[in-house]
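Visitor: I'm new to reading protein structures, and the labels puzzle me. Could you take me through some of them and show me how each one is earned?

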Amino acid sequence: MANFLAQFQTIKNSSDRLVISVEDVSDLWPTVKPAFEARLPFKKASLNNKTRNPVLVETLPAEFILTTDSRLRSRFPQEQLLFWFREPYATVVLVTCEDLDEFKTILKPRLKLIVQNDEREWFIVFVSKAHPANDQASKMAKKVYAKLEVEFSSKKRERCCKYDMHFPEANFWEDLESKITECIRNTLDRRVQFYEDEIRKLSEQRLMPVWNFCNFFILKESLAFIFEMGHLHEDALREYDELELCYLETVNMSGKQRDFGGGERGDDQAAVLNPGNKALTQIVQEDSFREFEFRQYLFACQSKLLFKLNRPIEVASRGYSFIISFSKSLALHERILPFCMREVWVITACLALVEATTSNYNDGLMVPDIEKEFFLLLGDLYSLGRVKFMRLAYLVGYGTEIERSPVNSASLSLLPWPKPAVWPSVPADASSEVLDKEKLILQTTPRAKHFGIQRKPLPLEPTVLLREANRRRASLSAGNVFEIFDSRQGPVEGSGFDASSRMSPQKVHASSMSRTNSSPGNFDGSIDRPMRLAEIYVAAEHALKQTISNQELLKSLSSSEEFEQKYLELTKGAADNYHRSWWKRHGVVLDGEIAAVAFKRGHFDQAAKSYEKVCALYSGEGWQDLLAEVLPYLAECQKILDDQAGYLLSCVRLLSLDEELFSTKERQAFQSEVLRLAHSEMKNPVPLDVSSLITFSGNPGPPLELCDRDPGILSVTVWSGFPDDITLDSISLTLMATNNADEGVKALKSSTAIVLQPGRNTITLDLPPHKPGSYVLGVLTGQIGQLRFRSHSFSKIGPADCDDFMSYEKPAKPILKVFKPRALVDLEAAVSSALLINEHQWLGILVRPLNYSLRAAVLHIDTGPGLEIEKSHIIEMESCACVSQNDDGQGGAQVDSLNYEKRFERLTLDDGKVVFPNWASDTPSVLWVLIRAISDTLCRGSSSGTTRRESIVDGMRTIALKLEFGAFHNQTFERTLAVHFTYPFYVRTRVTDKCNDGTLLLQVILHSEVKATLTVYDAWLDLQDGFIHTGQTDGRPNSSFFPLIISPTSKAGILFSICLGKTNAEEEATKQPESILNIKYGISGDRTSGAHRPFLNESTGVDGVRQELIFKTAITLQRPVLDPCIAVGFLPLPSDGLRVGQLVKMQWRVERLKYLDEKEVSQQSVSLRKQKKEECLLHVRSLDEVLYEVNANSGNWMIAGRKRGHVSLSIKQGARIIISVLCMPLVAGYVRPPLLGLPDVDEANIRCKPAGPHLICVLPPALSSSFCIPVDS
Amino acid sequence: MATTACFIIVSRNDIPIYEAEVGVAAKREDAAQLHQFILHAALDVVQDLAWTTSAMYLKSVDRFNELVVSVYVTAGHTRFMLLHDSRNDDGIKSFFQDVHELYIKTLLNPLYLPGSRVTSSHFDTKVRALARKYF
């Protein structure tokens, strides 16, 4: 059967659609042919797929062929079975008949004969030629057709249809199509069934020796072809897939060594998309096919079907894996294949796939995810082709053109060298080429790295090419010298020069020896002599010329410019597709390669852009090793482009990379570049972000704590990433309030130059007063030369674990806390009890710092009126053990007082200021100021009957204090202290007894007013006029009572005996209205508790000597009054009460109590008051008339009638009269009633009832609309 | 033991926070960088693949000639990436699981800021011991 392969191929190639045979019984075909063929291809044909499920085929191409056609007639029956797929799938029998007899006699037997063959699917088309106008003919045609139907159609299946040539019925074509489709479907099913059976039969024999893959292939492909003809591509594809599986199994299973193939000219070009590349007969080998061609053939068939199914993405994905797996197969057979066949094949396959899939790909019709997948595959294909292309280029000597970047290095250095059986040797006539190459190698200098970076370039070769090539050659002859020493050689550079320069002396010798041997013309026949690099290149080039049949690829390797062109094309293709597939890392890396080419060509602008993308990717993701590789190139581009800002930034980024990535020398080069630019004239000074290089943080530990309005000094740790010291001309640091965002950010400035050493530095900044709140570090800005830099806040613990990218997440630590305003110090009077007035007294001012230092504080003292500071300006200061007022600090306070050491210092007041000593900065202290309160008024005593009227304000003096403190005297505290001064005694008097002889016993009670012990040494009374001391005493009590000691707040009494005396004329001049009590006393008290002995200057005062002070107080004595003359009584008011607006009669009864004597009337009225005795002296103008006057508050009362007038009152004792006045109360409430006064009579002579002022109740008015109250009342 | 193995932990921000060459092969000077490059490029694959499965161990996600990249993604999207040439799938899985445990212990350290570089020498020692054990 395998012999039929050639035939099978031809048949398959010649027939590409389904055949429908036409049995033209009545010679009608030429007439109806155009109409029939116009229906082709069939639309929406319903066929069954392999699993017998109906499938709607959109278009089904077919061909009508007459049975008499030579194509159908000339076949042998055997062939028919084998190539059944090309046999007609339906038979259309075209008949016409106009006569029933004719039908019966001629047509029917003939048709019976035709349709008796069961194999065929047939149906009859009755063509009616009758014109519709011709009724007779039409009727006849109908009759004949009816007969036909009866004869050939069954209930199961309609096999007839009628075609009216002139007026075809509307549904005829549909009918026809459905009939044809039905026939095709049935035939298809039958044939598929047949092939499947055959295939099954064959498959069962698979493990038998007789099994022949070719036969299996023919059957399988026939089946696939049937499906393909029926446009059941899905099924066809499945057949090919199965075929592939089966083939791979055969290849792998059979232990037979078969020819792989691929050795022919042109095989290097992949035929993955061209199934007709080679005739199958050419690749048949025994009972199977050569792997190289056949697998490509299968893939090509599959891809053809996939394209028909409009699935280019699947082509790409299958293609990629096919290339990979096929490349592996090629590697297995590399020894028998031409040199680098595998690489060339992969390149061509990738490019062919890319081209085919993109041209078959309809943009934008796919789901985004699938589209992404597609571009990814394209990217992979490009990338694969690119790598192989680079490998070829390296072999022919363009290695220097290839950028030694991580991507290239990773791709090439991990990819093994090609392993030909024998490494190609230099052709005989290539000596000049070798020389040229050698020259080229000598000329190319390795690209200088920028900044003098001494990094070792990345390798592009898995092992040294020189060694690999020679080893491959040397393996021909054992024991080669080169092989021996080469095995000891460590990994060296790919270039021969690098290698020789680094070799051991022995190596150098060998190398030089080889060089001397290689003089032109001397390398013929030196098959065992090691080749030099140039020779390897030339040999590879020649070998590749043999291998590569694709002219375009050959051209791409012909010169370095052409190589670069192709390289760029592949790289761009890969990069673009990776970008479109969102594989940014792959894409951006390849952008870097494009940039490298652009850089080499001098398109620095373009290069910089691409490099920036790469750098952004690596730095964004923190892959510093990779960044270190690219960043110098970017910097170089920027330098060339004079992009100072970018260049500076790149330098800073280089500096901020991990230290181990660059040597110190290199880092110093970066720094010097920064400094050079900073101190040069910059056209546009740009701020430079050095956040990654200069970082800062607060000092570890708690934040600096300051009180409100306090300035301070902030210490900040600054990390410098520069390798050397760097001078910052100025810096400023902002602080941001954490609680209050809208508060203006204040910058702390330091204008002095700061030198930062590498690593940790501590700088201090002056801190002006800040508002209360907590602050974090903001931005550090500064200037290096012309360069303004800034660094954003993130703290770094140390350079060891620096992680710039993550530190944004670290919570900002407050560096400064400014407390809300609070009391920092307290000033108060040390003593609360009163001091002596008019004497020098120590005023204690208690100064209590509240957790705040009072170092060098200044106190301004300003006395108020009535108070003066003693001239000597002596101030004493002593520490005070008084416990703090904090309740919780009770225990601590006790400890303090135990450890307390009393300090004392005498200070002087200078210009109203006193400066605190240092010891007083933290401890409470008392400041004693010598003052004197001045009072001109004389102290007055009071009688026991009256309450004490003396106001406490009289003894009050104020002293204004202002304390300036804080480190910069920025804090002030002001307070006005009230100091209470008093006389030592308060005196009250009372007459204890009025004796019969006119002697009055006057008791003087002394109240001690101070918290000190008073000692009375002496007391005497200077009496006023009208009083004299009884007896011949001078008014002093018995001296034996003295000294009289009066304890604090206790009282003592002294009794004086006086009597009323006559005034004589001499004394008239010196008459005094008041009596004066003089007390000579001493005081012993402590200034810490209150009044004390007045301070005298050391010069005058003698310590220990009794100090006597004089206290004077005035006492008013009143002579006793005579009997009262007139009594005034307020008569009761009506009982129903008073009401506003209601008239009421006020009545007073005036009664004469005493007969008025003529003598006494003329006597001058004198009023004297004595306890419990009242006498009245009446002065009367007219004896029997009394002047009266009613006084009332006009707001409260309206008075009707006479307010003032005379009433007659008899001078007889007991005479009485009633004075009545009509009044009207105006306001409700308790008000004073009108008062009756007798202006002519001395007040002292009137006895009133009630005695004192009193109130009466007035009710509110009864509701009345007509009643009005004066508004102003 | 694998001849080449490079282990990297990549934080969820794609930043490498720990790297270790755990292979026994004589170290090529430039190997670390190439390995980094390969692993970095493999992040592209991981980003697509990580969301298609609920398993943490993604098996081998990428191949680079003879080298394979195996990836393990934690719940916090920290990726453990191993570039290796051994085929010991079970061993690698166990290695990842054990390293995950170690990593969680590191995370529990209050002084360790999640996402920052793992500098603990103890962690490093343990990881290398695990590598010796499983590869």
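Guide: Let's go label by label; keep in mind that this is a predicted model.

Visitor: Okay, how much of chain A is helix and strand, in counts, and how much of chain A is buried?

Guide: Chain A has 31 helices and 53 strands. Of its 1273 residues, 50% are buried.

Visitor: Why is A:Asp642 called partly exposed?

Guide: Buried needs under 20% relative accessible area and exposed needs over 50%. A:Asp642 comes out at 43%, so it counts as partly exposed. You'll find A:Asp642 in the loop between helix 26 (624-640) and helix 27 (644-656) of chain A. Its phi is positive, about 60 degrees, although A:Asp642 is not a glycine.

Visitor: And what makes A:Asn851 count as exposed?

Guide: Its relative accessibility is 73%, and the cut-off is over 50%, so A:Asn851 counts as exposed. A:Asn851 also has a positive phi, about 50 degrees, without being a glycine. Look for A:Asn851 in the loop between strand 24 (840-849) and strand 25 (858-863) of chain A.

Visitor: Now the rings. How many aromatic pairs are there over all chains?

Guide: A search of the whole structure finds 54. Take A:Tyr361 and A:Phe375, whose ring centres are 6.1 Å apart.

Visitor: Why is that pair called edge-to-face?

Guide: Centres have to lie within 6.5 Å for a pair, and planes over 60 degrees apart count as edge-to-face. With centres 6.1 Å apart and planes at 75 degrees, A:Tyr361 and A:Phe375 pass both tests, so the pair is edge-to-face. The two are 14 residues apart: A:Tyr361 sits in the loop between helix 13 (341-360) and helix 14 (368-395) of chain A, and A:Phe375 in helix 14 of chain A. Both A:Tyr361 and A:Phe375 are buried.

Visitor: How do you know that A:Lys112 sits over the ring of A:Phe152?

Guide: A lysine's NZ must be within 6 Å of the ring centre and within 35 degrees of the ring normal. The charged end of A:Lys112 is 5.0 Å from the centre of the A:Phe152 ring, and it is listed as sitting over that ring. Likewise, A:Arg159 lies over the face of A:Trp122, at 4.1 Å from the ring centre.

Visitor: What makes helix 14 and helix 23 of chain A roughly antiparallel?

Guide: Their axes cross at roughly 155 degrees and come within 7 Å. Angles over 145 degrees count as roughly antiparallel, and therefore helix 14 and helix 23 of chain A earn that label. Helix 14 of chain A passes helix 23 of chain A in a left-handed crossing. Among the residues making the contact are A:Phe375, A:Leu376 and A:Tyr382 of helix 14 of chain A, with A:Phe563 and A:Tyr567 of helix 23 of chain A.

Visitor: Why is helix 15 of chain A said to be mostly covered?

Guide: Count the buried residues in helix 15 (residues 406-413) of chain A: 8 of its 8 are buried. They include A:Pro406, A:Asn408 and A:Leu412. Their cover includes helix 14 and helix 23 of chain A, as well as helix 1 (31-49) and strand 3 (57-64) of chain B.

Visitor: Last one: what kind of peptide bond joins A:Leu40 and A:Pro41?

Guide: A cis one, with omega about -15 degrees. A:Pro41 lies in the loop between helix 2 (29-37) and strand 2 (42-48) of chain A.

Note on methods
Residues numbered from 1 in each chain as written. Chains lettered and ligands numbered in written order. Predicted model: local features only at pLDDT ≥ 70, side-chain atom pairs only at ≥ 80, totals over all residues. Heavy atoms only, no water. Helix = DSSP H or I, 4+ residues; strand = E, 2+ residues; numbered from the N terminus. Buried < 20%, exposed > 50% of the residue type's maximum accessible area, 1.4 Å probe, protein only. Phe/Tyr/Trp six-rings, centres within 6.5 Å; stacked < 30°, edge-to-face > 60°. Axes fitted to C-alpha atoms, helices over the stretch in contact; angles between N-to-C directions. Parallel < 35°, antiparallel > 145°, perpendicular 65-115°, else oblique. Left-handed = near helix turned anticlockwise from the far one by under 90°. Contact = heavy atoms within 4.5 Å.
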